[in-house]
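Here's a quick tour for anyone meeting this protein for the first time. Have a look at the picture, then read on.

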Amino acid sequence: MKKRKILTALMAGAALCASMLFGGCGGSDSASTSGDDGKVVIYSNADDEAVDAMKKALDNNGFKDKYIMQTFGTSELGGKLMLEGKNIEADVVTMSTFYLDSAQEKNKMFADLTFDYKPLGEKVSFYAPITSQEGTIIVNTEKMKEANLPMPASLKDLANPIYKDQISVTDVKASSTAWLLIQGLVSSYGEEEAKQILAGIYKNAGPHIENSGSAPLKKVRAGEVAIGFGLRQQAVADKQEGLPIDYVDPAEGNFSLQEAAAVIDKGDKTKADAAKMVECIIKNGRADLLKSYPNPIYEGETSDSVFKSANPKTFAEKLSVDLLKKHQELSEAAKQLASGN
C-alpha cells in the first residue's frame, strides 16, 4: 500500500511538473495573456522622467490600469528585440530609434502607425519619436574651484592629464549615453585619433567608468569627481534647481539620440489598444516630455532658448546596431591603450 501511495504521488508530481513545463513554453502569447488581464504590455528603455510623462498621458486619457509598463537598460532591451522579434512579450516598445531600425530590418516585427504625426526629421512609418537626448560635458563648479581646474571646452580636453581622477564617463558597452561622446570624437578626429583621445579620457577616469548613463552626473553632483559626460537635459535641470552644476557644450558638437514608440506586429493577436496608446503618448505626452527633453521633434514645437544646445550635430553615418558594435570595439581598444596593454 505504501508503495502504491508513493507511486501515485510521484505520478501526480510528474504531471504537475509537465504541466508547469509546457505551460511555460508558450512564448509571448501565453505570457502576454497570462496574469495581465489583456492589458497592453509596454517595454521601455526610457529614463524615469520619460516613463512618468508617458504614464501620466495614458492615465489621464482613458488608459489607466489598461497597461503594464516594464523598463530595461538599452542594451538589454535591444538584445531582446534582435533575438526575440515578434515573439517578444511586449505589445508596445519605446526604444532608441537605431535599435528599432535594426530590429525591423532583421525581424520585420513592427506594424505601421496609421495616426497622423509630423516629425521635424524623416518620418518612419513604424515608429513615432518620443524624446531627443543630447550629450554634454557636466561640471561641479565647487569641485572645479577646489581642485583649481580649468574649464574644459571640448571632449578632447578631457584627455588632458590635468584631469586625472576627476572625470566620470559611461561605458558604451553598457549605455548608449557614452555613444554620444564617441560620435563626437569620431566625427571630429577620425577613428584612429578618436581612439587615442578616448584612451586618455579613460586613463583620467580610472575607476569612474560607469555602466549607467546617469552615474557620471550623480558622481559630479556628489563631488566625487569634478567633470562628467552625460545627458544635457539632466545637467540643465540641476543648474535650474540651484545645484553647483554647470555644463559645457563641447566644441565637437552636441550629438543626439532619439527614442521612439512602436507597436509589435502580432497579426490578429495585436491588441487593439496598442496603437491607440502610442498615439496617446505622442498627442498628450509631448508637453510634459518637453519639460525634461527640450529638443523639439515635431512640427509646431518650440523650446526656451536656455535649453537649446550651442552646437547640435548629427553623425554623418546612419546610426545602427552594427555601427554601435564598431564603436564599442573602438572603445575596448582605447581601454587597452589606457591600461598600457
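## Helix H5 and what lies over it

Right after helix H5 comes Lys108, which has a positive phi of about 45 degrees. Keep in mind that this is a predicted model. H5 itself runs over residues 97–107 and is mostly covered, with eight of its eleven residues buried. Those buried residues are Thr97, Phe98, Tyr99, Leu100, Asp101, Ser102, Ala103 and Gln104.

So what covers the buried residues of H5? The cover includes two stretches of strand, E3 (92–96) and E9 (254–263), along with helices H4 (74–84), H7 and H11. Two of the buried residues, Phe98 and Tyr99, also join Trp179 in one aromatic cluster.

## The whole protein

Stepping back, the protein has eleven helices and ten strands. Of its 341 residues, 50% are buried. If you take the contacts with a separation of 6 or more, 77% of them come from residues 24 or more positions apart.

## H7 meets H11

Now for a pair of helices. H7 covers residues 177–205 and H11 covers residues 321–339; they pack with their axes 6 Å apart, at an angle of about 25 degrees. Angles under 35 degrees count as roughly parallel, so that is what H7 is to H11. The crossing of H7 over H11 is right-handed.

Which residues of H7 meet H11? On the H7 side they are Trp179, Ile182, Val186, Glu191, Lys195, Gln196, Leu198, Ala199, Tyr202 and Lys203. Their partners in H11 include Leu323, Leu324, His327, Leu330 and Ala334. Sorted by kind, the residues of this contact come out as 13 nonpolar, three polar and five charged. Trp179 turns up here as well as in the aromatic cluster with Phe98 and Tyr99.

## A glycine inside H7

Gly184 also sits in helix H7. Is Gly184 buried or exposed? Its relative accessibility is 0%, so Gly184 counts as buried. Leaving out residues up to four places away in sequence, Gly184 touches Leu155, Glu252 and Phe255.

For a sense of scale, take Gly184 and Ala194: they are ten residues apart in sequence, and their C-alpha atoms are 8.8 Å apart in space.

## Aromatic pairs

A pair of aromatic rings is described by how far apart the centres are and by the angle of the planes. In this model the count comes to six aromatic pairs. Take Phe126 and Tyr127: their ring centres are 5.1 Å apart and the planes stand at 90 degrees, so this pair is edge-to-face.

Both partners are tucked away from the surface by the accessibility figures: Phe126 is buried at 11% relative accessible area, and Tyr127 is buried at 7%.

## Positive phi in a loop

Most residues other than glycine have a negative phi. What about Asn148 and Asp165, then? Asn148 has a phi near 55 degrees, a positive value, and Asp165 has a positive one near 65 degrees.

Where is Asn148 found? Asn148 is in the loop between helix H6 (141–146) and strand E5 (167–170), and Asp165 is in the loop between H6 and E5 too. As for accessibility, Asn148 is exposed, with a relative accessible area of 66%, whereas Asp165 is partly exposed at 41%. Lys108, just after H5, also has a positive phi.

Terms used:
Residues are numbered from 1 along each chain as its sequence is written. This is a predicted model: local features need pLDDT of at least 70, side-chain atom pairs count only at pLDDT 80 or more; totals for chains, interfaces and linings use all residues. Side-chain values use heavy atoms; hydrogens and water are left out. Axes are lines fitted to C-alpha atoms, for helices over the stretch in contact, and angles run from 0 to 180 degrees between N-to-C directions. Helices (H or I, at least four residues) and strands (E, at least two) are DSSP runs, numbered from the N terminus. Angles under 35 degrees count as roughly parallel, over 145 as roughly antiparallel, 65 to 115 as roughly perpendicular and the rest as oblique. A crossing is left-handed if the near helix is turned anticlockwise from the far one by less than a right angle, and right-handed if clockwise. Contact means heavy atoms within 4.5 Å. Ala, Val, Leu, Ile, Met, Phe, Trp, Tyr, Cys and Pro count as nonpolar, Asp, Glu, Lys and Arg as charged, and the others, Gly among them, as polar. Rings of Phe, Tyr and Trp (its six-membered ring) pair if their centres lie within 6.5 Å; planes under 30 degrees apart count as stacked, over 60 as edge-to-face and the rest as tilted. Buried means under 20% relative accessible area, exposed over 50%, partly exposed in between (1.4 Å probe, protein chains only).
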